Every structure is written in structure tokens, then in C-alpha cells.
Amino acid sequence: MKKYLIILQQAPFANSQSLEAVELALALAAFAQPVTLLFMAEGVLQLLANQDAELIAQRSFTKAFTGLELFDISAVYADQDALQHYKLASTQLSINPAPISSAQIAELLAKHDIILSL
Amino acid sequence: MNTNLHILTNVLIPDVVLASNTGNAVLLLREAVHLLLQPLPVELTRLKIYALEEDLVARGLPITMISDQVELIDYARFVELTIEYNTSTSW
């Protein structure tokens, strides 16, 4: 079975890409495909807890992250440099992704058959 | 001297904003509110900084952590600001 890596790089609600990345991950998982998520660059901002997108007339799709385990998506990583850049502590996040270095990200890419960067 | 309201909508701050003189101001909208997670560049400390509160709350930014230098505003105040400053520039 092919292994999928979805890279989320956009700030939440900036455009439709971050929502599409989440929908794609859930759809793949629903068909029992192995999916890994990697939050990089501004994508780590999607992890901030207590978002309320209704205020800006958008869907709070980031709430779906807390249900990822139900879809058997347990491999979730976040670029530690990006977390540090935005001074995000684990207590501020809605879920607990594994922090990962650039070198480890390179290894992660090598371990997957299909890589989608959104 | 004319005053300008620099309106930022993403996390990239143009050099011209960093070089802006006292008396001008910066308004953070949309993705630009994420700039408040970090200490602001020193060049901005001489400018008045506004941020749209709705955009912070929507993105889960902790309002209590925001520095006193930043004035959180609503849309009504946004409209007032465009009148208070001689010009507005969206970057």
C-alpha cells in the first residue's frame, strides 16, 4: 500500500488550501490509506487551539484535528523551527504533533510514496 | 506632514513599512495578526499598532498575551482610522 504524506504549509483561513488538505487526509483515511500529516511554515498556525472561524464567516475546519485519531491518523508532525519561529508552546496547541527537525523532515519525505504539499 | 495607515494582511512586513516615520501607523488584518505571536521588529515600536480583534480571536491568538503597544479594534474603529489618517496603504 502506498504511503501518503500531506504537508500543510498555509496559515488557517488564508485560502482554501488548508481546508482541502484536511479533507484530503480524512478522505484517504476513510479508504484505509496510511496518511501522515506534516505541519510546516505558516501551517503550524493551524494548530493554535481555541480558533473560532465563524467570526470571519469561515468553517472552523481546524477542529477536525482533535478527531484525527478516530480516523487512524496518528502520525502527525510539526516543523520545530516553525513552532519556535511563532513561539508556539505545546500548551497553546489543539493537538500534540511530534516536533521534527529539518533533517528528520528529509527522512520523513524519503519514507513516503506520495507527497502532497498544500 | 501627511500620516499614513499601513494595512498589512500577511506576515511579510514590507521594508517601506519598517522605514516609516513616527506619526504613521500599522493595522494588522487577516493573516498579519499572526505577527503578534512574536515580539514585533524594533522598527515598528515607534509606530502606533492596531489589530482587528475579530481576526485574532478567529485564529485562536491569545488576546491576553498581546502587548500594550497594540490597540485591538473593531470594524467601526477601522473605519474611523481611515478617516483619522490622511492616507491608507494596503500592502
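**View 1. Tyr50(B) of strand S3 faces its bridge partner Glu71(B) in strand S4 of chain B.** This is a predicted model, in which local features need pLDDT of at least 70 and side-chain atom pairs count only at pLDDT 80 or more, while totals for chains, interfaces and linings use all residues. Residues are numbered from 1 along each chain as its sequence is written, and chains are lettered from A, with ligands numbered from 1, in the order in which they are written. S3(B) and S4 (residues 70–73) run parallel and are joined by 4 bridges, where strands are DSSP runs of E with at least two residues and helices are runs of H or I with at least four, numbered from the N terminus, and two strands pair if DSSP finds at least two bridges between them.

**View 2. Strand S3 (residues 48–52) of chain B is mostly covered.** Of its 5 residues, 4 are buried, that is, with 20 or more other C-beta atoms, placed from the backbone, within 10 Å of their own (exposed: 12 or fewer; partly exposed: in between). Toward strand S2 (residues 25–28) of chain B, S3(B) forms 4 bridges in a parallel arrangement, and Lys48(B) stands opposite Ala25(B).

**View 3. The open sheet of chain B has 5 strands in the order S4-S3-S2-S1-S5, with parallel pairing.** S4 and strand S5 (87–90) of chain B each have a single partner strand, so one side of each is left without a neighbour in the sheet. Strand S1 (residues 4–8) of chain B runs parallel to S2(B) and is joined to it by 4 bridges, with Leu5(B) opposite Ala25(B).
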